[in-house]
Amino acid sequence: MKTHILGIESSCDETAAAVVADGREILSNVVASQVGTHRKYGGVVPELASREHLRQIVPVVREALAQAHVTLNEMDAFAVTRGPGLVGSLLVGLTYAKTLAFALGKPLIPVNHLEGHVRAVFLEARQAGQEPALPAVCLIVSGGHTVLYWLERRAQAAAVAASGELSYRRLGQTRDDAAGEAYDKVSKLLALGYPGGPIIDQLAKQSGAGNGVSFGSTKIRGNPFDFSFSGIKTAVLYFVREHAELAPEIRAREEALARGERQAEQLKPLCSKTTLALIRAFQDAVVRDLVGRTFAAAEDTGAASILVSGGVAANSELRGQFERHARESGLEVFFPSRALSTDNAAMIAAAAYPKFLAGVRADDSLDAEASLPLA
Ligand code: KG4
Ligand code: ZN
């Protein structure tokens, strides 16, 4: 008999539910995105996010069960994101999962959202019959996080070790903005719409390297595996201020966005060569930093492989650079597919499976934790 876990995720702006069998077989993976709600603000508005989760949670769970052709009664456990995230958003998923577990008398397993992102990489690799070698370095890079972890198999009691539970050590993290946040802020500044990552990814391809605009690497004192992205964002802002000739095209793009013209094909004709060069330079600087520090951390710790997860892991330049460095260094790099890179509940159900085997159970006192650390 397979173990079926229903995962629920509501830490930020996606309401998600998924059914995963034995921690590796995705029977359903339903995500209701709130991007339309937050678009006009250029970022996630916490109050609106909680309200949307409340509207979506019941239909999303129902849809996940329907797509998997299972009933609530057939679930062996419920898994839910406990943190980190927006507390009002977390509480919606947590309260619902608690209620289901209590009403049906089934185990409730709390999951750290960041561990979910790590597990998304294993989930994807296992679907392809691969297994990332441990110990590994994992870069989690999204709109809310930019953090590097070192992970290995948990060597405790035999039962825990057999479950496949991992242990984590944080190597570094952003000191200011997350990388995805920098993409979103730069996109807002240049009137390219929200979210910024996908559009910047596409427009950056329209300009070659050595186009006359470039940004240096961010210098960080202390921990060499920490990140900082507020400097590059400010550099883009200064560039725009110094180039007054860009103002009319920014206005034209604002008008296009107001008409609902958000596609790269629609915005590209409204971007001058200078703007495209600026976009390319911004992306190059961010990617150089992410790839450089991750490989440095992998070398420093003697990691056997590198994992990359989170919304920004979908970036084509980032993937290309990671793969190029991987070929040169002999280290294997693993990414989830786009559906498993961004926030989803399959990764939460998958992360819960080894905990289920190891006997981890939450009781009634389980609460959301906005800054829950992963350790
Ligand atoms: O993981 P995610 O869906 O949500 C969290 O923030 O947890 O990530 C969303 C972030 C946004 O900041 C978005 O701009 C960025 O991921 N993103 C990208 C790309 N696709 C999404 N950034 C760069 N390139 C992309 N292709
Ligand atoms: Zn996330």
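Helices (H or I, at least four residues) and strands (E, at least two) are DSSP runs, numbered from the N terminus. The model is predicted: local features need pLDDT of at least 70, side-chain atom pairs count only at pLDDT 80 or more, and totals for chains, interfaces and linings use all residues. Residues are numbered from 1 along each chain as its sequence is written.

**Exercise 1.** Work out how far apart H113 and H117 lie in helix α4.

*Solution.* Step 1: H113 and H117 are four residues apart in helix α4. Step 2: the separation is therefore about one helical turn.

**Exercise 2.** Describe the coordination of the zinc ion (ligand 2).

*Solution.* Step 1: find the donors, meaning N, O and S atoms within 2.8 Å of the metal (3.2 Å for Na, K and Ca); water is not among the atoms, so sites may look incomplete. H113 (NE2), H117 (NE2) and D343 (OD) coordinate the zinc ion at 2.1 Å. Step 2: read the spacing, H-x3-H-x225-D. Step 3: check the angles. Four donors count as tetrahedral if all angles lie between 85 and 135 degrees, and as square planar if opposite donors are over 155 degrees apart and all others between 65 and 115; anything else is irregular. The four donor atoms here subtend 86 to 141°, so the arrangement is irregular.

**Exercise 3.** Classify H113 and H117 as buried or exposed.

*Solution.* Step 1: buried means under 20% relative accessible area, exposed over 50%, partly exposed in between (1.4 Å probe, protein chains only). Step 2: H113 has 2% and is buried. Step 3: H117 has 0% and is buried.

Methods
Chains lettered and ligands numbered in written order. Heavy atoms only, no water. Tetrahedral: all angles 85-135°; square planar, octahedral: opposite > 155°, others 65-115°.
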